Amino acid sequence: MIILLIILGLTFTLSGCSKSDVQNQEIMQNNKAKINIKTTAYVLADLSKRIGGDYVDVINLIPSGISPHDYEPTIKDMTGIMKGDIFLYNGAGLEVWIEKVILNLEGTGVKVVNASRNVDFLEVVDDERSEKGEEDYRYAVDPHVWLNPLNALMQAEEIKNTLKEIDANNAEIYEANFQKLKKEIIDLDREYIEQLKDVKRRDFFVSHAAFGYLAKRYDLEQHSISGIVPEDEPSPTELAEIIKSAKELDINYILVDPKDFTKISEVLADEIGAKIEYIYTIGSLSENELQTGLDYIKLMRKNLEVLKKALNE
């Protein structure tokens, strides 16, 4: 009888341990199953979170408040990328260092995804640099593809397809999340079309030439103080031409990304009697913007309000 009780006690003890072990294994598997995604622009991180939901852990490599144009991965960043599951980059030349990173990721098992591979790019025309023979100019095409909502939708679909490919068990969830996001982006596009179709003017001035895709989509004309990169400031001769053009077009607002605010924007605004309003390129956000819950859709709606103001007043 004593032996039987000992055996039964051991059985119950082992059963208890076995159940606990199974639960711990499930927790570990659930944590491990969370897909780790590294991105090179805020908009890509936002879209990834929207589609992946609780099944992804998304880290945007661009520090808060730093322009994607100025970022280069550190050794610590590269280590993190190699430990992840997906490396999602914008493409279109935004990441001038991308070829070296892709080479280093060969054989690591990390899924490398060009989010913009199906986008129809806008070529960058820089007559001044062409005249100087600068054939290796940094950008051949405009990298700010996401500022046309339909391009952002293409990027979202690329993300969705990648997640479904590497995590087929949750494919239906990714598809459902994507469809919800798709509706929001299409609604956003319709808002832009409807609210910009009858504006008083179609020309707008921005601090740097990031809004080419948006302008093309909604039949607007972008004029910029600097080039594709904010640091490409105009010469005195070019600035004089910009001032002349702004006066002729009766421009009342200069639109500036908060990260790219420069003295030249103030000079131009003062010279033509214009006001400065903020518009967002959404490549990266400040810490304060992140804490206030702003995302791609909300920022694009903010941009729409600013554009309506600039194009109607």
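At what angle do helix α3 and helix α4 pack, and how far apart are their axes? In this predicted model, helix α3 (residues 75-83) and helix α4 (residues 98-105) pack at an angle of about 50°, and their axes lie 11 Å apart. An angle that is neither under 35 degrees, nor over 145, nor from 65 to 115 counts as oblique, and α3 and α4 are therefore oblique to each other. The crossing of these two helices, α3 and α4, is right-handed.

A look at the side of each helix that takes part fills in the picture. From α3 come Met 78, Ile 81 and Met 82, which meet Val 101, Asn 104 and Leu 105 of α4. Of the residues in this contact of α3 with α4, 5 are nonpolar and 1 is polar, while none is charged.

Two loop residues also deserve a visit, for their backbone angles. Asp 219 is not a glycine, yet its phi is positive, at about 55°. This residue, Asp 219, sits in the loop between α8 (212-217) and β6 (221-226). Ile 282, likewise a residue other than glycine, has a positive phi near 65°. Its place is in the loop between β8 (275-278) and α11 (287-291).

Is each of these loop residues buried or exposed? Asp 219 has a relative accessible area of 57%; the cut-off for exposed is over 50%, so Asp 219 is exposed. Ile 282 has a relative accessibility of 0%; buried means under 20%, and Ile 282 therefore counts as buried.

Conventions
Residues are numbered from 1 along each chain as its sequence is written. This is a predicted model: local features need pLDDT of at least 70, side-chain atom pairs count only at pLDDT 80 or more; totals for chains, interfaces and linings use all residues. Side-chain values use heavy atoms; hydrogens and water are left out. Helices (H or I, at least four residues) and strands (E, at least two) are DSSP runs, numbered from the N terminus. Buried means under 20% relative accessible area, exposed over 50%, partly exposed in between (1.4 Å probe, protein chains only). Axes are lines fitted to C-alpha atoms, for helices over the stretch in contact, and angles run from 0 to 180 degrees between N-to-C directions. A crossing is left-handed if the near helix is turned anticlockwise from the far one by less than a right angle, and right-handed if clockwise. Contact means heavy atoms within 4.5 Å. Ala, Val, Leu, Ile, Met, Phe, Trp, Tyr, Cys and Pro count as nonpolar, Asp, Glu, Lys and Arg as charged, and the others, Gly among them, as polar.
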